[in-house]
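Work through the exercises below with the sequence and the structure open. Try each task before reading its solution.

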Amino acid sequence: MRFMSIVTSSHPPGPPTPQLLEAVHKLADREIKAGRMLDSGGLMPVSTGAQVRIADGKVSVIDGPFVESKEMIGGYAIFELRDKEEAVALAVEFMQLHKEHMPGWEGTCEVRAYAMPHWDGVCEVDARARA
């Protein structure tokens with residue numbers, strides 16, 4: 001099964017400590033060598049981005065930073081794993097590295113399975129809309 005881990009924080013991120021970078025690189029190297037990590041990356045600050053929205057039937061583009069941003073996505077990783085339990089265990093290990101090497105930082109690592117066409121329950125909203 002394919003999973004995406006998405007890291008968010010409501011605190012201004014600041015640069016990761018050298019110790020955290022080293023620990024995360026070791027974890028990533030291990031997972032890449034095992035063939036489980038397919039991709040990962042950190043994201044630039046919201047001030048460098050843009051949002052494309054639809055509201056009141058109109059499409060608009062808003063350049064960052066975004067005043068209403070309460071949590072920011074800092075990065076992601078994509079894994080091919082056996083099950084959700086394995087994905088959650090990796091997320092716990094990743095967040096433990098933050099706790100150990102970046103004291104005071106607070107955030108969330110959300111684990112989500114990729115939607116696959118053959119899975120039951122996928123796109124239930126789309127199926128109801130077409131009915």
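The exercises cover the sheet, a helix, the core and two single residues.

This is a predicted model, in which local features need pLDDT of at least 70, side-chain atom pairs count only at pLDDT 80 or more, and totals for chains, interfaces and linings use all residues. Residues are numbered from 1 along each chain as its sequence is written, and side-chain values use heavy atoms, with hydrogens and water left out.

**Exercise 1. The sheet**

Find the order of the strands in the open sheet and state which strands stand at its edges.

Solution. Step 1: take strands as DSSP runs of E of at least two residues and helices as runs of H or I of at least four, numbered from the N terminus. Two strands pair if DSSP finds at least two bridges between them.

Step 2: start from strand 1 (residues 2–9). Strand 1 runs antiparallel to strand 5 (residues 72–80), with 8 bridges between them; here R2 has E80 as its bridge partner. Strand 1 also pairs antiparallel with strand 6 (residues 108–113), over 6 bridges.

Step 3: add strand 2, which is joined to strand 5 by 5 antiparallel bridges. In this pair S40 is opposite A77.

Step 4: read off the order, which is 2-5-1-6 for the 4 strands, with antiparallel pairing. Strand 2 (37–42) and strand 6 each have a single partner strand, so they stand at the edges with one side lacking a neighbour in the sheet. From one strand to the next the twist averages 15°.

**Exercise 2. Helix 2**

Check the length of helix 2 against its expected span, and list its buried residues.

Solution. Step 1: the expected span is 1.5 Å times one less than the number of residues. For the 18 residues of helix 2 this gives 26 Å, and the end C-alpha atoms are 26 Å apart, which agrees.

Step 2: buried means under 20% relative accessible area, exposed over 50%, and partly exposed in between (1.4 Å probe, protein chains only). E86, A87, L90, A91, M95, L97 and H98 are buried in helix 2.

Step 3: contact means heavy atoms within 4.5 Å. The buried residues of helix 2 pack against strand 1, helix 1 (18–33), strand 5 and strand 6.

**Exercise 3. The core**

Which residues have the most contacts inside the largest nonpolar core?

Solution. Step 1: a nonpolar core is a set of buried Ala, Val, Leu, Ile, Met, Phe, Trp, Tyr and Cys residues joined through side-chain atoms within 4.5 Å.

Step 2: the largest such core has 18 residues, and M37, F79, L81, L90, L97, W105 and C109 have the most contacts inside it. Strand 1, helix 1, strand 5 and helix 2 each give two or more residues to this core. Helix 2 supplies the largest share, 5 residues.

Step 3: look at F79, whose contacts beyond four places in sequence include M1, F3, M37, L38 and L90.

**Exercise 4. Two residues**

Is T8 buried or exposed? How is I62 classed by its relative accessibility?

Solution. Step 1: T8 is found in strand 1 and has a relative accessible area of 13%, so T8 is buried. T8 stands opposite T108 in strand 6.

Step 2: I62 lies in strand 4 (residues 58–63). Its relative accessibility is 29%, so I62 counts as partly exposed. Beyond four places in sequence, I62 touches A50, Q51 and R53.

Note on methods. Axes fitted to C-alpha atoms, helices over the stretch in contact; angles between N-to-C directions.
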